[in-house]
Amino acid sequence: MIARRVDAHGSIATCKDAIVTLDTDVNGRHDAFNPAELLLAAIAACMIKGIERVTPMLKFDIRGVEIHLSGVRQESPPKMASIDYQIIVDTDEDDHRLDLLHQNVRKYGTVSNTVANATQLQGVIRRMA
């Protein structure tokens, strides 16, 4: 992965054949993720990838997944004080199996486990309404 400054309004990150525009403008921009949003997106991607990895092993039937995240930023020193999430799964599986999926997502996520060691990462899993 390589990241480089384009100008005072943004940067780009490249990896494999992908390019991501980064909000590195001190005034912010609406067409790119800022660093904190990228962190939340990385956690979400980690959780979804974990679900994709374990559902075949658990023979867990899903139709879709959404991850909702929110972070609380501490000002001094600046850091994420805590991150809350909801994993929302479109499934007919029972509550016990839903909890089992959550346990596996929490246990085997590289990014989520790294973040959980640095800040409070807590959340729930629930069935899509």
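The questions and answers below walk through a predicted model, beginning with its sheet and ending with its core.

Q: In what order do the three strands of the open sheet stand?
A: The pairing in this sheet is antiparallel, with five bridges joining S1 to strand S2 (residues 10–15) and five bridges joining S2 to S3. The three strands therefore form an open sheet with S1 and strand S3 (18–22) at the edges, each having a single partner strand, so that one side of each is left without a neighbour in the sheet. The twist from one strand to the next averages 25°, and the order of the strands is S1-S2-S3.

Q: Which residue is the bridge partner of serine 11 in S3?
A: Strand S2 covers residues 10–15, and it is joined to S3 by five bridges in an antiparallel arrangement. On the other pairing, aspartate 7 stands opposite glycine 10 in S2. For serine 11, the bridge partner in S3 is leucine 22.

Q: Which residue in the turn between S2 and S3 has a positive phi?
A: S2 and S3 form a hairpin, and two residues lie between them. The residue in this turn with a positive phi, of about 55°, is lysine 16.

Q: How far apart in space are arginine 4 and isoleucine 51, C-alpha to C-alpha?
A: Arginine 4 has its place in strand S1 (residues 2–7), where, not counting residues up to four places away in sequence, it touches Ser11 and Ile12. Isoleucine 51, by contrast, is among the residues that isoleucine 87 touches. Arginine 4 and isoleucine 51 are 47 residues apart in sequence, and their C-alpha to C-alpha distance in space is 32 Å.

Q: How many disulfides does a search of the whole structure find?
A: Cysteine 15 is partly exposed because its relative accessibility is 34%, whereas cysteine 46, with a relative accessible area of 13%, is buried. The closest cysteine sulfur to that of cysteine 15 is in cysteine 46, and because the two are 15 Å apart, they are too far for a bond. A search of the whole structure accordingly finds a number of disulfides equal to zero.

Q: Is glutamate 93 buried or exposed?
A: Glutamate 93 lies in the loop between S5 and H2, and, leaving aside its neighbours within four places in sequence, it is in contact with Lys59, Phe60, Asp61 and Arg127. Its side chain reaches the backbone nitrogen of aspartate 61 at 2.9 Å. Because its relative accessible area is 15%, and the cut-off is under 20%, glutamate 93 counts as buried.

Q: Which element gives the most residues to the largest nonpolar core?
A: In soluble globular proteins, nonpolar side chains tend to be buried together. Here the largest nonpolar core has 20 residues, and those with the most contacts inside it are Met47, Ile83, Ile87, Val89 and Leu101. The elements giving two or more residues to this core are helix H1 (35–58), strand S5 (79–90), helix H2 (95–108) and strand S6 (120–127). With seven residues, the element that gives the most is H1.

Q: Which residues of the stretch from Val124 to Arg126 does isoleucine 87 touch?
A: Isoleucine 87 is one of the residues with the most contacts inside the largest nonpolar core. Not counting residues up to four places away in sequence, its contacts include Met47, Ile51, Val65, Glu66, Ile67, His102 and Val105. From the stretch asked about, isoleucine 87 touches Val124, Ile125 and Arg126.

Note on methods: Residues are numbered from 1 along each chain as its sequence is written. This is a predicted model: local features need pLDDT of at least 70, side-chain atom pairs count only at pLDDT 80 or more; totals for chains, interfaces and linings use all residues. Side-chain values use heavy atoms; hydrogens and water are left out. A nonpolar core is a set of buried Ala, Val, Leu, Ile, Met, Phe, Trp, Tyr and Cys residues joined through side-chain atoms within 4.5 Å. Buried means under 20% relative accessible area, exposed over 50%, partly exposed in between (1.4 Å probe, protein chains only). Helices (H or I, at least four residues) and strands (E, at least two) are DSSP runs, numbered from the N terminus. Contact means heavy atoms within 4.5 Å. A disulfide is a pair of cysteine sulfur atoms within 2.5 Å. A polar contact is a pair of N or O atoms within 3.5 Å; within protein, one must be able to donate a hydrogen and the other to accept it, and residues adjacent in sequence count only if both atoms are side-chain atoms. Two strands pair if DSSP finds at least two bridges between them. Axes are lines fitted to C-alpha atoms, for helices over the stretch in contact, and angles run from 0 to 180 degrees between N-to-C directions.
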